[in-house]
Amino acid sequence: MNVTGHTRRPASIRDVATAAGVSYQTVSRVINGHPSVRPSTRERVLAAIEELGFRRNATALALASGRTRTVTVLTANTTHYGYASILQGIEESARAASYAVGIGVLESAEDAAVAAEVQRAADAGGGIVVIAYDPAGVRALGAVPDGLPVVGVVETPASPPGGESPWVWTDDCEAAYQATRHLLSLGHETVHYVAIPSSTRRTSARTSGWRQALKEAGAPEPRPVQSGWGPAGGHAAALKLARDPSVTAILCGNDDLALGVLRALHEAGRPVPGEVSVAGFDDAPHSAFLTPSLTTVRLDFTGLGRAAFALLHGALEESAPVAPHPVSVPELVVRESSGPPPATAEQHQRTPQL
């Protein structure tokens, strides 16, 4: 214990590196007897080890070899469908490759909290995957020290990044474009949009895809309704839309939002799809079992997790180049919640059948 009565934290390899004025990789080389270290540098590191009472441990060995079979996933959420499915894909692929997976939960987007969680992941050795769908994840991805193997699962970039950015993503722009085009093709004058938050820019890729489809069709562009991630946010966002008789089609930023939107429409006495068509995003497992079943766009989040691990595994094993790439092609899944607008449907019903 120190003079305050608190137990002193054991010195880490990074403490030694700071005291010696070198990188943690250099400290790893010294404690493992690597011949490529200058004698003067070796002496500084050994002196720092002695002064701090550093003990050689598994973390030091892992950092020295670069072959620790461990991956830490940094994420702000483990329950939302997309996040959970990405974690599933990472875990499945890691297990197949005999890697262990740890999870570091980013409980806050504050710089100090993010830095502490990134440090814990770095001290665990191995590689890091950051799910950067929110401010905490974006900050964590930017805070990973240079030299550590890392892959980011990110929103669709505005433009393809360079090879120095080891990212994977889904094509959210194309997915939203497909869903909006589908609703417009049914005869709706326009499509309203209940949006999930964007972590990286004012206009998300999903919003861009929705807007592109409206522009190409010459359709009016309503102001997007900003919401959260879950059903309660969708319900609150849709209360005003549900009372507006001109609203006949709504695209939701994810399927959980669509749950809340469907409830708001039910409370307003507006049947789906008789008066309003609703489409979701992601094809979460519950989407096919709602009443009505939900039209949505399927994104392979589990495959995204597998791709993230594959990219990181290549870097850890030095067997593949680190390069960014999108994953999978969005698939429109048409179910019961989408149909023609009321006027078109009534006209169709009045048309004599030959």
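**Helices across a four-stranded parallel sheet**

Helix H11, spanning residues 255-267, lies across strands E6, E8 and E9, and runs at about 150 degrees to E8. A second helix, H8, comprises residues 172-185 and lies across E8 and E9; the angle between H8 and E8 is about 165 degrees. These arrangements belong to a predicted model.

The strands that these helices cross form part of an open sheet of four strands, paired in parallel and ordered E7-E6-E8-E9. Strand E7 (225-226) and strand E9 occupy the edges, and each has a single partner strand, so one side of each is left without a neighbour in the sheet. Within the sheet, strand E6, residues 192-195, pairs with strand E8, residues 249-252, in the parallel sense, and three bridges join the two. Val 194 is placed opposite Cys 252 of E8.

The confidence of the prediction may be considered next. For the protein, the mean pLDDT is 85, and 82% of the residues reach 70 or more. Which elements have the lowest and the highest mean pLDDT? The highest value, 98, belongs to the edge strand E9 (residues 277-279), whereas the lowest, 48, belongs to helix H4 (residues 58-65).

Two further stretches call for attention. Over residues 1-7 the pLDDT stays under 50, and the model gives this stretch two contacts beyond four places in sequence. Residues 345-354 likewise have a pLDDT below 50; beyond near neighbours in sequence, two contacts are present in the model for residues 345-354.

Methods: Residues numbered from 1 in each chain as written. Predicted model: local features only at pLDDT ≥ 70, side-chain atom pairs only at ≥ 80, totals over all residues. Heavy atoms only, no water. pLDDT = per-residue confidence, 0-100. Contact = heavy atoms within 4.5 Å. Pairing = 2+ DSSP bridges. Axes fitted to C-alpha atoms, helices over the stretch in contact; angles between N-to-C directions.
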